[in-house]
Amino acid sequence: MIFTSSKLLLRRKSSRLLPQNFLSCKRFNSDYAPPISSFSYIHDDALSDMKKEEIAKHMQNLGPFPNYSNILNPQHFYQNKVLLDYSKKHPHPVSLRQLAGYGNTLTKQKIINSANFVRVELPIRLTMRIRDLQVLPFGVVNNFHMAQIYESYYHSFNAFRKIDKINTIEENEKFCAVLSTLLDDHTFNLSHLMMGALEVSIAESLPQEQLDSFMSSMLRSRISRRLIVEEHLSLSENYRKKPYDKKPPHYLGEIFQNCKAVDHFNDVAKKVKESLCHQYPQAKQLPKLEIDGDLDCEFQFMVPHLHYMLHEILRNSFEATLNTSKGETLPPVKVTIIDSKQDVIFRISDQGGGLHHDNLKSVWSFGKSPELARKSLANFHRIPGLQLYSNLQVTASGSSVVKPKEANTNDNDVEWTSGKKRSTLEDLMARPHEFKLGMGLPMCSVYADYWNGALQMNSLEGYGSDTSLTLKKLGYHSNVIQLDRA
């Protein structure tokens, strides 16, 4: 596979769309030739005669209209006018308290209003991210993975803007089927975003600070959009099963669950240890997890987000302890839980040797050195079942097609559920332990920050590290957490 297949976004059609730093982009400097070193994820036989013949098959993808693209065609440049009209609109700020209060007591009209809010809001929010992609330097936006994200976002934008106003519960059922299908069809975007960042690091085509800002914006926007969609699916299913059922005063929504901190730490630690056993069979015993502090601490949170953050932190601590400890008895990884009125604080301490002070800052960045980025990218390609090409469908005229699953009872009905959806975070946690990606802590930092929390690390080189994860109790901050990070 050519990992930087070109998608020009039709900037050759008009010089006005070219970014100002187009010519300064390192990737298009004729004197610049990125070295293929031993760190490259390209195999040793990459330039053999057989490989050259395989690479030649992809040459047609180096133009503005690659043949694998369902979106980028000669008409796309002119369709940009529609996008620009949407870019003049503004997203509607909505707090978690508003979202939860809306679902406290459900009525038919509330469901219909919620559906129309999602129908109008999502294309506006998608437009903002599409425009962010369009103004990136050419050497970034034509990256294969970034182009896949662009195509995915434009597909959704194109689909949503053509949906008519929803007036009945029956129309909402069909709308929910579309939402549910899009949630599943677009799970691959997170992997593409992470792999794109690594390839941008290899090419050094975007400054690290700018790459971090772009990645944080894209991730926060993704969280907000999916939260709005999942909340509407949850409201619709609740109304379908228990119409007019009144929720308790502290209700935040079905997608938020009551979490007992000790139980979730133990569950995540068990999964981490199971993955470590395959890589460290020589270890007679794995580090123990010792938990102290406020053991009865409970709070409401999104479980996939919580598990991902705990998983990446514990994974680092367990592995560091195994790599640095030589004795038969390994020092434990200690967790201290602090339960305050408005916050929950987790302190995770290990004796895994720590990090050099100069390396602490780099662990929070999505930008990596070309050598490290190549290693991480190689691991991405080894993850079983990784989806690289989208299954998005477009008609000959360029209209986006979304095909919900048909119900078994009636061909005119569609099937959907707000239950457990496909999760890229779960796929990343389930990957073999030896496939290190170098993206765990930067991702966790964005997720913690989104919920007005914080993730910090202190390290004593030669001894160990202390990682502090602060999460705000959503019930006390539901009027502050704005879902307008579009």
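This text walks through one helix, one pocket and several salt bridges of the structure above. The model is predicted.

Start with helix H11, residues 303-324. H11 has 22 residues. From its first C-alpha to its last, the helix reaches 31 Å, close to the 32 Å expected at 1.5 Å a residue. Of its 22 residues, 17 are buried, so H11 is largely enclosed by the rest of the structure.

H11 also leads to a pocket. The second largest pocket holds about 870 Å³ of space. Its lining counts 36 residues, and those closest to the centre are Asn316, Leu355, Val363, Gly438 and Leu441. Which element gives the largest share of this lining? H11 does, with nine residues. Helix H13 (370-382), helix H15 (440-450) and strand S9 (464-472) each supply at least two residues as well. By character, the lining of this pocket divides into 15 polar, 13 nonpolar and eight charged residues.

Now turn to the charged pairs. The structure has twelve salt bridges. One of them joins the side chains of lysine 436 and glutamate 319, at 2.9 Å from N to O. Glutamate 319 sits in H11, while lysine 436 lies in the loop between helix H14 (424-430) and H15, so the pair ties together parts that are 117 residues apart in sequence. The two ends differ in exposure. Glutamate 319 has a relative accessible area of 9% and is therefore buried, being under the 20% cut-off. Lysine 436 is partly exposed, at 35%.

A second bridge links two strands. Aspartate 343 pairs with lysine 472, and their closest N and O atoms are 3.0 Å apart. Aspartate 343 belongs to strand S5 (residues 343-350) and lysine 472 to strand S9, so parts 129 residues apart in sequence are tied together. Aspartate 343 is buried, with a relative accessible area of 17%. Elsewhere, salt bridges with shared partners join Glu173, Glu237, Arg240 and Lys241 into one network.

A local case comes from helix H2 (residues 76-87), which holds both lysine 81 and aspartate 85. These residues are four apart, about one turn of the helix. Their side chains meet in a salt bridge of 3.2 Å, N to O. Is lysine 81 buried or exposed? Its relative accessibility is 51%, so lysine 81 counts as exposed, the cut-off being over 50%. Aspartate 85 is partly exposed, with a relative accessible area of 32%.

Terms used:
Residues are numbered from 1 along each chain as its sequence is written. This is a predicted model: local features need pLDDT of at least 70, side-chain atom pairs count only at pLDDT 80 or more; totals for chains, interfaces and linings use all residues. Side-chain values use heavy atoms; hydrogens and water are left out. The expected span of a helix is 1.5 Å times one less than its number of residues. Buried means under 20% relative accessible area, exposed over 50%, partly exposed in between (1.4 Å probe, protein chains only). On a 1 Å grid over the protein atoms alone, a cavity is a set of points where a 1.4 Å probe fits but cannot get out, and a pocket is an open set with protein on both sides within 12 Å along at least five of seven lines; lining residues have an atom within 4 Å of a point. Grid points are joined across faces, edges and corners, and a volume is the space filled by probe spheres set on the points. Ala, Val, Leu, Ile, Met, Phe, Trp, Tyr, Cys and Pro count as nonpolar, Asp, Glu, Lys and Arg as charged, and the others, Gly among them, as polar. A salt bridge is a side-chain nitrogen of Lys or Arg within 4 Å of a carboxyl oxygen of Asp or Glu.
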